[in-house]
Amino acid sequence: MATVTVKQSALVLNTFMAKLQNELVAADVVTWKEHDAEMDDRNGMQVIEQVGPKYKITQTSNGVKDLSSGVDDSVFGSEIFKITETFNANMGWGDFVKIRDVGEARESEALMGAAADMANAIDAYVLGVAVKCSNSWVGTLGNNIDDTDEVVTAYTRLREQGVPDSDLRAVMNFKDRQGLGDQVLNLAGPGEEAGKALRTGFSGNVGGVPTLFTQQLPSLTMGSRAGTILVNGASQNVNYKDVATSAAPGQYMTQTIAIDGLTGATDTIKAGEVFTIAGVYAYDNRKQAALDYLQQFTVVSDATAATNAVAALRIFPAIIVAGSGSGGDVNVNTAHATVSAAPADNAAITFLGTASTAYTPRAIIQKQAVVVDTAPLILPATGTAMRRKLQKVPLSVRMWQHSDFATGAHSIRFDCALTANVRDRMRVCRFNGS
């Protein structure tokens, strides 16, 4: 067996990293952050990020507002971020020892295949989290995209919800690319977006939004839920302060509601499903007015009915009504309001899509919606190992060579640790064709 040198190991890892970075199309869709001293094994590789307060703004004529009764409360929220996932690629030593120079490394089908497959797996995971987290879903589920207006509809929904223009990315599949045809505008020259674009990354824009086409969009299979599904009990709205602190990753501004009317005693509802409630309209807390469409809610955790009802279905956004509550909660709830009114008892719930059917949503994502937290894995005490970090995103890959004395087997593995954490679900809008 030929000797594997440190120089040879370095060129293999460098080439693996170059291929991985070139194929990682989600690199510019979401935010990436390497862990720091706040996130370590003593706190379970998790960190709590603060969410700033909002305030009710009032207008006063011929004077200033009388604050003799006190000022508004400042309620800070929080979200929990964790690192729990690792990704691995591996190969036999026989492939590895054949790589003696950069040219051979680039030509190695095993090495290129491992890097590309790892990138595809990471893309599918990150995009799966980012796309499914949203409560907004426009268009007709199941339809492909063949007109720019269908993309702009999602952009309009985000703008109506106060999401700014910066760092927006539209993610679609290649059938949409074909359907849109020459409606996809090429990125102009070597500008900022063109300079950032990966070889398999952003290839144009639609409605001014940089556009990515990929096969790694997630598929969501709806639960078996059936029947006339209803809200079970009135006054299920909450105060913002009670949902501002996340109890688990991805639970900021979520709550549980009770529903019934399912015809199957053990019907299921899947995380990522979207529904509306009769009479509950979306609310613009900036201009303090109801919008002209029903608020959409997404299911945060899988649920299974017990005797045709779900006692605690976790949803986003929390049902926060402007002007509700008492004392300091009134202005705080108005500043963070999500709906025009609380749902009535037995208000009809309408889910998007057909039960037990799979759909592939497209999405416009603002980078700040999801943060991918990464951590460099430790270097092992045995064998030969080294780490390298991607240049575009702070993702470290560890390469570890191993030989088994008893069996004579030789192997090499590539590992990285990352977790996609939801920061703000409102900054994503799913869409399909009209």
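Buried, in these legends, means under 20% relative accessible area, while exposed means over 50% and partly exposed covers what's in between. Everything shown comes from a predicted model.

**Figure 1. Here's the whole protein, with its 9 helices and 24 strands.** The protein runs to 434 residues, and buried residues make up 48% of them. If you take the contacts with a separation of 6 or more, residues 24 or more positions apart account for 78%. The views that follow pick out a few spots in this fold.

**Figure 2. Phe-16 and Phe-414 form a stacked pair, one hit from a search of the whole structure that finds 5 aromatic pairs.** The ring centres sit 3.9 Å apart, with 0° between the planes. Phe-16 belongs to helix H1 (residues 6-23) and Phe-414 to strand S23, so to speak two distant parts of the chain, 398 residues apart, that the pair links. Is Phe-414 buried or exposed? With 0% relative accessibility, Phe-414 falls under the 20% cut-off and therefore counts as buried. Phe-16 is buried too, with a relative accessible area of 0%.

**Figure 3. Tyr-240 and Tyr-252 make an edge-to-face pair.** Their ring centres are 6.5 Å apart and the planes meet at 85°, which is why the pair gets the edge-to-face label. Tyr-240 lies in helix H8 (residues 240-243), while Tyr-252 is in the loop between H8 and strand S11 (255-262). The pair therefore ties together parts that are 12 residues apart in sequence. As for burial, Tyr-240 comes in at 0% relative accessibility and counts as buried. Tyr-252, at 13%, also counts as buried, because the cut-off is 20%.

**Figure 4. Three phenylalanines gather in one aromatic cluster.** Which residues are they? The members are Phe-275, Phe-297 and Phe-351.

**Figure 5. S21, S22 and S23 are joined by two hairpins.** Start with strand S21 (residues 384-389) and strand S22 (residues 396-403), which run antiparallel and pair over 6 bridges. The hairpin between S21 and S22 goes through 6 residues. Two spots along this pairing are handy landmarks: Thr-384 has Gln-401 in S22 as its bridge partner, and Met-386 stands opposite Met-399 in S22. On to the next pairing: S22 and S23 are antiparallel as well, over 6 bridges. Gln-401 turns up again here, standing opposite Ile-412 in S23. The S22 and S23 hairpin has 6 residues between its strands, and Gly-408 in the turn has a positive phi of about 75°.

**Figure 6. Ala-342 sits in the loop between helix H9 (329-335) and strand S17 (349-351).** How accessible is Ala-342? Its relative accessibility is 32%, so Ala-342 counts as partly exposed. Leaving aside residues up to four places away in sequence, Ala-342 touches Asn-237, Val-280, Ile-319 and Val-321. Take Asn-237 from that list: Asn-237 and Ala-342 are 105 residues apart in sequence, yet their C-alpha atoms are 5.6 Å apart in space.

**Figure 7. The largest pocket has a volume of about 660 Å³.** Its lining takes in 33 residues, and Lys-54, Gln-161, Asn-285, Asp-424 and Met-426 lie nearest the centre. Which elements give two or more residues to this lining? They are strand S2 (46-51), strand S13 (274-284) and strand S14 (289-299). If you're thinking about the chemistry of the wall, the lining of the largest pocket splits into 13 nonpolar, 10 polar and 10 charged residues.

**Figure 8. The second largest pocket has a volume of about 360 Å³.** Here 20 residues form the lining, with Val-129, Pro-249, Ala-420, Val-422 and Arg-425 nearest the centre. Helix H4 (109-132), S14 and strand S23 (410-422) each put at least two residues into the lining of this second largest pocket. The lining breaks down into 9 nonpolar, 7 polar and 4 charged residues. You've already met strand S23: besides supplying residues to this lining, it pairs with S22 and carries Phe-414 of the stacked pair.

Notes:
Residues are numbered from 1 along each chain as its sequence is written. This is a predicted model: local features need pLDDT of at least 70, side-chain atom pairs count only at pLDDT 80 or more; totals for chains, interfaces and linings use all residues. Side-chain values use heavy atoms; hydrogens and water are left out. On a 1 Å grid over the protein atoms alone, a cavity is a set of points where a 1.4 Å probe fits but cannot get out, and a pocket is an open set with protein on both sides within 12 Å along at least five of seven lines; lining residues have an atom within 4 Å of a point. Grid points are joined across faces, edges and corners, and a volume is the space filled by probe spheres set on the points. Helices (H or I, at least four residues) and strands (E, at least two) are DSSP runs, numbered from the N terminus. Ala, Val, Leu, Ile, Met, Phe, Trp, Tyr, Cys and Pro count as nonpolar, Asp, Glu, Lys and Arg as charged, and the others, Gly among them, as polar. Buried means under 20% relative accessible area, exposed over 50%, partly exposed in between (1.4 Å probe, protein chains only). Contact means heavy atoms within 4.5 Å. Two strands pair if DSSP finds at least two bridges between them. Rings of Phe, Tyr and Trp (its six-membered ring) pair if their centres lie within 6.5 Å; planes under 30 degrees apart count as stacked, over 60 as edge-to-face and the rest as tilted.
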